[in-house]
Amino acid sequence: MPETVFIMDHPLIKHKLSLIRDKNTGSKEFREMVGEIAMLMCYEATRDLPLQEVEIETPVGVAKTQVISGKKLAFVPILRAGIGMVDGVLRLVPAAKVGHIGLYRDPQSLKPVDYYCKLPGDIEEREVIVLDPMLATGGSAVEAINLIKSKGVKNIKFMCIIAAPEGLKALTEAHPDVQIYCAAKDERLNDNGYILPGLGDAGDRLFGTK
Ligand code: PRP
Ligand code: URA
């Protein structure tokens, strides 16, 4: 496994992931748990944020303490399914800005088709965390990160819930500088480009559109 890939080992993430894999889990619970997993993963993905020393006056004295310094964050969900992760990460970093990239996979070619892009005006000054629950062939993640890099962004992370080996390979080859955080690495893709065992179609399960 390349050293840019981080697979979560927290028991709470593993437990919630088991629940969302279950085909009997309905949209309400699925949505809630995707949000919770995203929040827990965000805690790990922000572990290396730089800190700076400050002095804070408490009611009884002065504390030498630390606050986050340096670049600010932006989250960029890939529509649709990435939307399911936004509330969770914003609970940890409420001041972050949010951009959106719309991509869907052509069902025959499995290639990503762009349909929307709206990013914060100062995106090139921010550290960007791209959100999408599923990394399957990797086409969508590679394309989204191409777009973000074309705006001048230097510091990018990718956060997904389930990754296929094929997607991890494609993304690390195309963007070796991007750290990838995932809750699980699954076995492989099936003939339709779905992750096995996976959790099915993340967008449909989040929004109840099947
Ligand atoms: C899903 C998923 C990813 C993409 C992953 O989106 O949310 O964006 O597939 O597949 P890839 O790694 O092979 O590109 P989908 O295209 O189904 O669109 P949706 O979120 O609008 O349903
Ligand atoms: N997109 C999904 O939603 N699920 C998969 O398994 C693969 C791509």
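**Figure 1. Charges across the whole chain.** Counting side chains, this predicted model carries 26 positive and 28 negative ones. Take the centre of each set, and the two points lie 2 Å apart. As for the surface, the chain exposes about 11,000 Å², and 52% of that comes from carbon and sulfur atoms.

**Figure 2. The overall fold, before we zoom in.** The chain is built from six helices and 13 strands. Its C-alpha trace spans about 65 × 40 × 30 Å along the principal axes. Does the radius of gyration agree or disagree with that of a compact globule? It agrees, because a compact globule of 210 residues would have a value near 17 Å and the chain has 18 Å. Buried residues make up 46% of the 210. Now look at contacts with a separation of 6 or more: 64% of them are between residues 24 or more positions apart.

**Figure 3. Three cysteines and no disulfide.** A disulfide is a covalent bond between the sulfur atoms of two cysteines. How many disulfides does the count give here? Zero. Start with Cys-160, whose closest cysteine sulfur belongs to Cys-182. That sulfur is 4.7 Å away, and the cut-off is 2.5 Å, so the pair is too far apart for a bond. Cys-42 has its closest cysteine sulfur in Cys-160, 14 Å off, which is also too far for a bond. Cys-42 is buried, at 0% relative accessibility. Cys-160 is buried too, again at 0%.

**Figure 4. Cys-182 and its surroundings.** Cys-182 sits in strand 11, which runs over residues 179–185. With a relative accessibility of 0%, Cys-182 counts as buried. Leaving out residues up to four places away in sequence, Cys-182 touches Phe-6, Ile-7 and Met-8, along with Met-41. Cys-160, Ile-161 and Ala-163 complete that list of contacts. For a sense of scale, pick out Glu-53: this residue is 129 positions from Cys-182 along the chain, and their C-alpha atoms are separated by 31 Å.

**Figure 5. Val-5, in strand 1.** Strand 1 covers residues 5–7, and Val-5 is part of it. Is Val-5 buried or exposed? Val-5 is buried, with a relative accessible area of 9%. Setting aside neighbours within four places in sequence, Val-5 is in contact with Leu-168, Thr-172 and Ile-180. Pro-176 makes a handy marker here: 171 residues separate Pro-176 from Val-5 in sequence, but the C-alpha to C-alpha distance is 10.0 Å.

**Figure 6. Helix 3 and what packs around it.** Helix 3 spans residues 83–92. Which residues of helix 3 are buried? They are Gly-84, Met-85, Val-86, Gly-88 and Val-89. An α-helix has 3.6 residues a turn, so residues three or four places apart point the same way. The buried residues of helix 3 pack against two other helices, helix 2 (27–45) and helix 6. Their strand partners are strand 4, strand 5 (97–98), strand 8 (126–131) and strand 10 (156–163).

**Figure 7. Backbone spots to look at in the loops.** Just before helix 3, a cis peptide bond joins Leu-79 and Arg-80, with omega at about -5°. Arg-80 lies in the loop that leads from strand 4 (72–79) to helix 3. Another cis peptide bond links Leu-196 and Pro-197, and its omega is also about -5°. Look for Pro-197 in the loop between strand 13 (195–196) and helix 6 (202–207). Leu-110 has a positive phi of about 65°, although this residue is not a glycine. Leu-110 is in the loop between strand 6 (100–105) and strand 7 (112–118).

**Figure 8. Ser-140 and Lys-154, one buried and one exposed.** Ser-140 is in helix 4, residues 139–150. This serine is buried, at 16% relative accessible area. Not counting residues up to four places away in sequence, Ser-140 touches Ile-78, Leu-103, Arg-105 and Pro-112. Lys-154 is in the loop between helix 4 and strand 10. Lys-154 is exposed, with a relative accessible area of 64%. With the same neighbours left out, Lys-154 touches Lys-71 and Asp-177. Finally, find Ala-136, which is 18 residues from Lys-154 in sequence and 24 Å away, C-alpha to C-alpha.

Conventions
Residues are numbered from 1 along each chain as its sequence is written. Chains are lettered from A and ligands numbered from 1 in the order in which they are written. This is a predicted model: local features need pLDDT of at least 70, side-chain atom pairs count only at pLDDT 80 or more; totals for chains, interfaces and linings use all residues. Side-chain values use heavy atoms; hydrogens and water are left out. Helices (H or I, at least four residues) and strands (E, at least two) are DSSP runs, numbered from the N terminus. The radius of gyration is taken over C-alpha atoms; the globule rule is 2.2 Å times the number of residues to the power 0.38. Buried means under 20% relative accessible area, exposed over 50%, partly exposed in between (1.4 Å probe, protein chains only). Contact means heavy atoms within 4.5 Å. Accessible areas come from the Shrake-Rupley method with a 1.4 Å probe; for residues, only the protein chains shown count as cover. Lys and Arg count as positive and Asp and Glu as negative; His and the chain ends are not counted. The place of a charge is taken as NZ of Lys, CZ of Arg, CG of Asp or CD of Glu.
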